[in-house]
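The following paragraphs lead a new reader through one protein chain. Please keep the sequence and the three-dimensional view at hand while reading.

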Amino acid sequence: MGGVVMPYGSVLTDTVQSSTAGTPPQFNDGNGTQVGTLCRAWVNFNGTTSPGTIRGSFNVTSVTKVGTGQYTVNFTNALPDANYAVTGLSDADGNGQATIHLANAVPPTSSSCRIAVYFVGVALQDHNYNTVAFFR
């Protein structure tokens with residue numbers, strides 16, 4: 001890969017590529033045990049527009065608004081299964097009182113994930129600033 005070995009075992013390189021298409025590189029410890037992978041998808045979007053206006057993303061083709069404070073994030077390339085972790089933040093006006101959850105009664109799939117934005121943990125609400133990341 002053209003990497004340069006740096007002190008203390010670090011590697012300086014421009015590209016890391018998995019040997020298998022559609023599978024991200026994984027990180028292993030000195031014993032060969034997997035200790036992590038990269039983020040599979042992320043998106044920053046405006047939830048007050050329909051569809052959600054994407055400001056920036058990786059592996060997300062679109063965000064569909066399905067109701068007040070509810071959105072479906074559609075992946076460009078499907079994840080291996082629906083057993084991924086979701087984390088996110090939402091803010092309407094700098095008050096920092098909104099949270100992002102998996103939407104009730106809509107299980108995630110390998111090709112999309114329904115999320116819900118709750119203001120003060122109770123009421124669904126459209127927010128202009130939403131960020132969500134997916135890890136597997």
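A suitable point of entry is Val-73, which, apart from neighbours within four places in sequence, is in contact with Val-43, Val-60, Ser-62, Val-63, Ser-111, Ser-112, Cys-113, Ile-115 and Phe-134; contact means heavy atoms within 4.5 Å. The model is predicted: local features need pLDDT of at least 70 and side-chain atom pairs count only at pLDDT 80 or more, while totals for chains, interfaces and linings use all residues. Residues are numbered from 1 along each chain as its sequence is written, and side-chain values use heavy atoms, with hydrogens and water left out.

Val-73 also belongs to the largest nonpolar core, which has 17 residues; Val-73, Phe-75, Ile-115 and Phe-134 touch the most other members. Two or more residues of this core come from each of β5, β7 (60-67), β8 (70-75), β10 (98-102), β11 (112-119) and β13 (129-135). Such a core is a set of buried Ala, Val, Leu, Ile, Met, Phe, Trp, Tyr and Cys residues joined through side-chain atoms within 4.5 Å. Buried denotes under 20% relative accessible area, exposed over 50%, and partly exposed the range in between, with a 1.4 Å probe and protein chains only.

The chain as a whole has zero helices and 13 strands. Helices (H or I, at least four residues) and strands (E, at least two) are DSSP runs, numbered from the N terminus. Of the 136 residues, 26% count as buried. Among contacts with a separation of 6 or more, 49% join residues 24 or more positions apart. The chain exposes about 8,100 Å², of which carbon and sulfur atoms supply 53%; accessible areas come from the Shrake-Rupley method with a 1.4 Å probe, and for residues only the protein chains shown count as cover.

One of the contacts of Val-73 is Val-63, a residue of strand β7. Val-63 counts as buried because its relative accessible area is 1%. Beyond four places in sequence, Val-63 touches Val-43, Phe-45, Pro-51, Gly-52, Ile-54, Tyr-71, Thr-72 and Val-73. Its C-alpha atom lies 9.8 Å from that of Asn-44, 19 residues away along the chain.

Val-43 leads to the pairing of β5 with β6, where its bridge partner is Ser-57. Strands β5 and β6 (residues 53-58) run antiparallel and are joined by five bridges; two strands pair if DSSP finds at least two bridges between them. Together they form a hairpin with six residues between them.

The loop between β5 and β6 holds Pro-51, and the peptide bond from Ser-50 to Pro-51 is cis, with omega near 0°. Thr-48 lies in the loop between β5 and β6 as well. Thr-48 is partly exposed because its relative accessible area is 45%. Leaving aside neighbours within four places, Thr-48 is in contact with Lys-65, Asp-126, His-127 and Asn-128. Thr-48 and Tyr-129 are 81 residues apart in sequence, with 8.6 Å between their C-alpha atoms.

After β6, the loop leading to β7 contains Asn-59. Asn-59 has a positive phi of about 60° although it is not a glycine. Asn-59 counts as buried, because its relative accessibility is 14%.

On the surface, what does Leu-38 form with Phe-27 and Val-35? The three make up a nonpolar patch with about 280 Å² of accessible area together. Leu-38 sits in the loop between β4 (34-37) and β5 (39-46). Patches are made of residues with over 30% relative accessible area and no salt bridge, with like charges joined within 9 Å and nonpolar side chains (Val, Leu, Ile, Met, Phe, Trp, Tyr) within 5 Å. A salt bridge is a side-chain nitrogen of Lys or Arg within 4 Å of a carboxyl oxygen of Asp or Glu.
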